[in-house]
Amino acid sequence: MALRRILHYPEPLLRQVSQPVTDVDDEIRELARDMAETMYAAPGVGLAAPQVGVLKRLIVLDCARQDEEAQLITAINPEILAGEGEINEEEGCLSVPGYYARVARRPQVRVRFLNLEGQRVEMDAEGLLAVAFQHEIDHLDGVLFVDHLSSLKKSLFKKKYKKILEQKQEEL
Ligand code: ZN
């Protein structure tokens, strides 16, 4: 297992569309293990393969609360089949460090994906897990949560993020 480096916005690779996984093989399983380790170390509740520089449709999620046991989900070629309702929860992203904003999402979704054995899984997700699925699947299409902001909020984000990046430069 190994920690992978997380790419940060505005890295261009984060804007590319990831390719479906054709074989669930040992290489994919190793990538999934590394991604889970990287997510827990960050720490975060979700991570998509393009965030570690791999353009494959693979995400890992763990939305368990701190007082709960880990509930790692590895989803290969994930798709949202249906969604209902609307919530606006504050989101952050390991690729957009230091910035948080409310984004409109579906609080209930039905998702389909392959697990690490290559078996097809369908499940209903609610609340934070539903939001995390939408956020991570967006990454596979080159979409970041800040893309869902209004144009006014987007320009505020760009100003604020520029400052965050400058501060990081100073720390280096
Ligand atoms: Zn993200």
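Two strands are said to pair if DSSP finds at least two bridges between them. With that in mind, open the model, which is a predicted one, and begin with the strands that follow from this definition.

**Strands 6 and 7**

Select residues 108-114, which form strand 6, together with residues 120-126, which form strand 7. These two strands run antiparallel and are joined by 7 bridges, and if you pick Arg-110 you will find that its bridge partner in strand 7 is Asp-124. Now move to the hairpin of strand 6 and strand 7, where 5 residues lie between the strands and where Gly-118 takes a positive phi near 80°.

Staying on strand 6, colour its two faces separately: Val-109, Val-111 and Phe-113 make up the covered face, whereas Gln-108, Arg-110, Arg-112 and Leu-114 make up the uncovered one. In a regular strand the side chains alternate between the two faces of the sheet.

**Across to strand 3**

Next, add residues 73-84, which are strand 3. Strand 3 pairs with strand 6 in the antiparallel sense, over 6 bridges, and Gly-83 is the residue that stands opposite Val-109 of strand 6. Within strand 3, select Asn-77, whose phi is near 50°, a positive value in a residue other than glycine. Because its relative accessibility is 18% and the limit for a buried residue is under 20%, Asn-77 counts as buried.

**Helix 1 and what it packs against**

Select residues 26-41 to bring up helix 1. Its 16 residues, at 1.5 Å a residue, should span 22 Å, and the C-alpha atoms at its ends are 22 Å apart, which agrees. The buried residues of this helix are Ile-28, Leu-31, Ala-32, Asp-34, Met-35, Ala-36, Thr-38 and Met-39, and they pack against strand 1 (46-48), strand 2 (58-61) and strand 3 (73-84). When looking along the helix, recall that an α-helix has 3.6 residues a turn, so residues three or four places apart point the same way.

From here go to Leu-72, in the loop between strand 2 and strand 3. Leaving aside residues up to four places away in sequence, Leu-72 touches Ala-36, Met-39, Tyr-40, Val-60, Leu-61 and Asp-62. Leu-72 is nevertheless partly exposed, with a relative accessible area of 42%. For a sense of distance, select Glu-170 as well: Leu-72 and Glu-170 are 98 residues apart in sequence and 36 Å apart in space, C-alpha to C-alpha.

**Two cis peptide bonds**

On either side of helix 1, inspect two prolines. Pro-10 is in the segment before helix 1, and a cis peptide bond with omega of about 5° joins Tyr-9 to Pro-10. Pro-43 is in the loop between helix 1 and strand 1, and the peptide bond that leads to Pro-43 from Ala-42 is also cis, with omega near -10°.

**The zinc site**

Now select the zinc ion together with Cys-93, His-135 and His-139, which coordinate the ion through SG, NE2 and NE2 respectively, at 2.1 to 2.3 Å. The donor residues follow the spacing C-x41-H-x3-H in sequence. Cys-93 and His-135 link distant parts of the chain, since Cys-93 sits in the loop between strand 4 (87-91) and strand 5 (101-105) while His-135 sits in helix 2 (residues 127-140), 42 residues away. Both Cys-93 and His-135 are buried, and for Cys-93 the relative accessible area is 10%.

While Cys-93 is selected, add Cys-63, which is likewise buried, with a relative accessible area of 16%. With a disulfide taken as a pair of cysteine sulfur atoms within 2.5 Å, the count for the model comes to 0. Cys-63 is therefore in no disulfide, the nearest cysteine sulfur being that of Cys-93, 13 Å away.

**Asp-138 in helix 2**

For the last stop, remain in helix 2 and select Asp-138. Is Asp-138 buried or exposed? At 16% relative accessibility, Asp-138 counts as buried. Display Arg-105 too, because the side chains of Asp-138 and Arg-105 make a polar contact at 3.1 Å, within the 3.5 Å allowed for such a pair of N or O atoms. Apart from residues up to four places away in sequence, Asp-138 touches Arg-105, Val-143 and His-148.

Conventions: Residues are numbered from 1 along each chain as its sequence is written. This is a predicted model: local features need pLDDT of at least 70, side-chain atom pairs count only at pLDDT 80 or more; totals for chains, interfaces and linings use all residues. Side-chain values use heavy atoms; hydrogens and water are left out. Donors are N, O and S atoms within 2.8 Å of the metal (3.2 Å for Na, K and Ca); water is not among the atoms, so sites may look incomplete. Helices (H or I, at least four residues) and strands (E, at least two) are DSSP runs, numbered from the N terminus. Buried means under 20% relative accessible area, exposed over 50%, partly exposed in between (1.4 Å probe, protein chains only). The expected span of a helix is 1.5 Å times one less than its number of residues. Contact means heavy atoms within 4.5 Å. A polar contact is a pair of N or O atoms within 3.5 Å; within protein, one must be able to donate a hydrogen and the other to accept it, and residues adjacent in sequence count only if both atoms are side-chain atoms.
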